[in-house]
Amino acid sequence: PCPSGSWSGAGAATCLACPSGTYAPVGALVTSVGCAICPGGTYSQARSSECRPCPSGSWSPPGAAACITCAAGTIAERGDLPCRTCPAGQWSGRGSTACE
């Protein structure tokens, strides 16, 4: 079998590494469609066996190789939704989860 973080189609001579933003779990029977796409709010590097959650104050779309840290004046309430702007009269530092 292919090692975790890689896959192969039927009749393949070698295993292929999963690209960044995708994964192949340990012991998974991966089909010819290849590696699974990481869901929003997670990320992975190449050859990953799992997706990692984005840290607080950041987010990612599905299939991300890295999370996006929210800029000052914006917040990440959930890791799978883009940063949103703080309302007038409130502020936030870079990588915040709440406006003050």
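**Exercise 1. Determine the handedness of the link between Cys2 and Cys15, then place both residues.**

Solution.
- The link of Cys2 and Cys15 has -90° about the S-S bond and is left-handed.
- Cys2 sits in the segment before strand 1 (6–7), and Cys15 in the loop between strand 1 and strand 2 (16–17). The two are 13 residues apart, so distant parts of the chain are linked. Strands (E, at least two residues) are DSSP runs, numbered from the N terminus.
- The sulfur atoms of Cys2 and Cys15 are 2.1 Å apart. A disulfide is a pair of cysteine sulfur atoms within 2.5 Å.
- Cys2 has 26% relative accessibility and therefore counts as partly exposed. Cys15, at 35%, also counts as partly exposed. Buried means under 20% relative accessible area, exposed over 50%, partly exposed in between (1.4 Å probe, protein chains only).

This is a predicted model, where local features need pLDDT of at least 70, side-chain atom pairs count only at pLDDT 80 or more, and totals for chains, interfaces and linings use all residues. Residues are numbered from 1 along each chain as its sequence is written, and side-chain values use heavy atoms, leaving out hydrogens and water.

**Exercise 2. Classify Cys54 as buried or exposed, and describe its disulfide.**

Solution.
- Cys54 has a relative accessible area of 14%, so Cys54 is buried.
- Cys54 is joined to Cys67, S to S 2.1 Å.
- With -85° about the S-S bond, this link is left-handed.

**Exercise 3. State how many disulfides the structure holds, and give their pattern.**

Solution.
- The structure holds six disulfides.
- Counting bonded cysteines along the chain, the pattern is 1-2, 3-4, 5-6, 7-8, 9-10, 11-12.

Terms used. Helix = DSSP H or I, 4+ residues; strand = E, 2+ residues; numbered from the N terminus.
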